[in-house]
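Biologist: Please take me through this model and justify the terms you use for it.

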Amino acid sequence: MKILAFMGSPRLRGKCNRLTQKALDGAASAGAEIKNFELIKHKIKYCMGCGKCFLKEPDLTIGTCPLKDDVRAILEEYVQADGYIFSSPSYDMFCTALIKTFLERKISFTYKTPEEFGKIPAARPGIASNFMKKASFIVTANCEDYLEEVMGEPIYEAFEAHLLFEEVDTVEKLYCGGVENMTDEEFDVRLQKAFDLGKNLVETIRQYRAENS
Ligand SMILES: Cc1cc2nc3c(=O)[nH]c(=O)nc-3n(C[C@H](O)[C@H](O)[C@H](O)COP(=O)(O)O)c2cc1C
């Protein structure tokens, strides 16, 4: 079982990354192999919208993108993994541009004919649900917990939009509000929740596969 995290904060020593790492520790405690993609460390160019990746070569699992950067290597690991943790701070009430840029490049998992434009995308062969993968999300924000609907929901939806056609279900969402003024004691409680989220992700995937295989 392999769990990958995609961490969208530019601050590697920030709260978002600490929670993400703790969630991965939780996944490891349940027996998973783990890896944290701290996206700021990777070369991820903007999608240029050429459409080549989803219009051409449908037999490939990952469509061919003309951009030369780290994304193809990341996606190759993505398709091999069993579960995902997507995390981002709230920036202007949405996910960071960093993780959004990565999500847009994941469009290379889709295959469309021109007739299919305007409909929900279809996943390429090798991407969809028969892998029985699942994902959980972590959002940090300065606005307090009661504002999760405003600050957290748009980010969850951005993540879920991409997981929809991959048929990857969401297991859990952790919103950590008020991060900038939080005491160490309060943050420790959130770290424990992140640990539990990672552990629960692995256990849920394992249980789901046992019941459905
Ligand atoms: C450019 C920018 C925009 C932000 N916008 C919001 C926002 O809309 N809502 C909010 O609650 N916090 C906002 N914040 C605060 C961040 O969400 C907070 O600092 C972050 O979650 C802490 O995570 P980190 O330690 O990983 O940086 C913003 C911070 C920055 C730098």
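Modeller: A caution first: this is a predicted model. Arg18 is a good place to begin, with 19 other C-beta atoms within 10 Å.

Biologist: Why is Arg18 called partly exposed?

Modeller: A buried residue needs 20 or more such neighbours and an exposed one has 12 or fewer. Arg18 has 19, so it falls in between and is partly exposed.

Biologist: Where is Arg18 found, and what separates it from Asp188?

Modeller: Arg18 is found in helix H1. Its C-alpha atom is 10 Å from that of Asp188, although the two residues are 170 apart along the chain.

Biologist: What does helix H1 give to the shell around the ligand?

Modeller: Helix H1, residues 15-29, gives three residues, the most to that shell. In total 18 residues surround the ligand, and Gly14, Cys16, Pro89, Thr140 and Ala141 are the closest. By class, the shell has eight nonpolar, six polar and four charged residues.

Biologist: How do you know that strands S6 and S7 pair?

Modeller: Pairing requires at least two bridges. Seven bridges join S6 (residues 134-140) to S7, therefore the two strands pair, and they run parallel. Ile138, for one, has Leu174 in S7 as its bridge partner.

Biologist: Which order do the strands of the open sheet have, and what makes S2 and S7 edge strands?

Modeller: The five strands have the order S2-S1-S3-S6-S7, with parallel pairing. Strands S2 (33-38) and S7 (169-176) each pair on one side only. On average, neighbouring strands of this sheet are turned by 15° against each other, direction ignored.

Biologist: Which helix packs on the sheet?

Modeller: Helix H6 (residues 153-164) does, touching S3, S6 and S7. Its direction makes about 155° with that of S6.

Key
Residues are numbered from 1 along each chain as its sequence is written. This is a predicted model: local features need pLDDT of at least 70, side-chain atom pairs count only at pLDDT 80 or more; totals for chains, interfaces and linings use all residues. A residue is near a molecule or strand if its C-beta atom, placed from the backbone, lies within 6 Å of it. Helices (H or I, at least four residues) and strands (E, at least two) are DSSP runs, numbered from the N terminus. Ala, Val, Leu, Ile, Met, Phe, Trp, Tyr, Cys and Pro count as nonpolar, Asp, Glu, Lys and Arg as charged, and the others, Gly among them, as polar. Axes are lines fitted to C-alpha atoms, for helices over the stretch in contact, and angles run from 0 to 180 degrees between N-to-C directions. Two residues are in contact if their C-beta atoms, placed from the backbone, lie within 7 Å.
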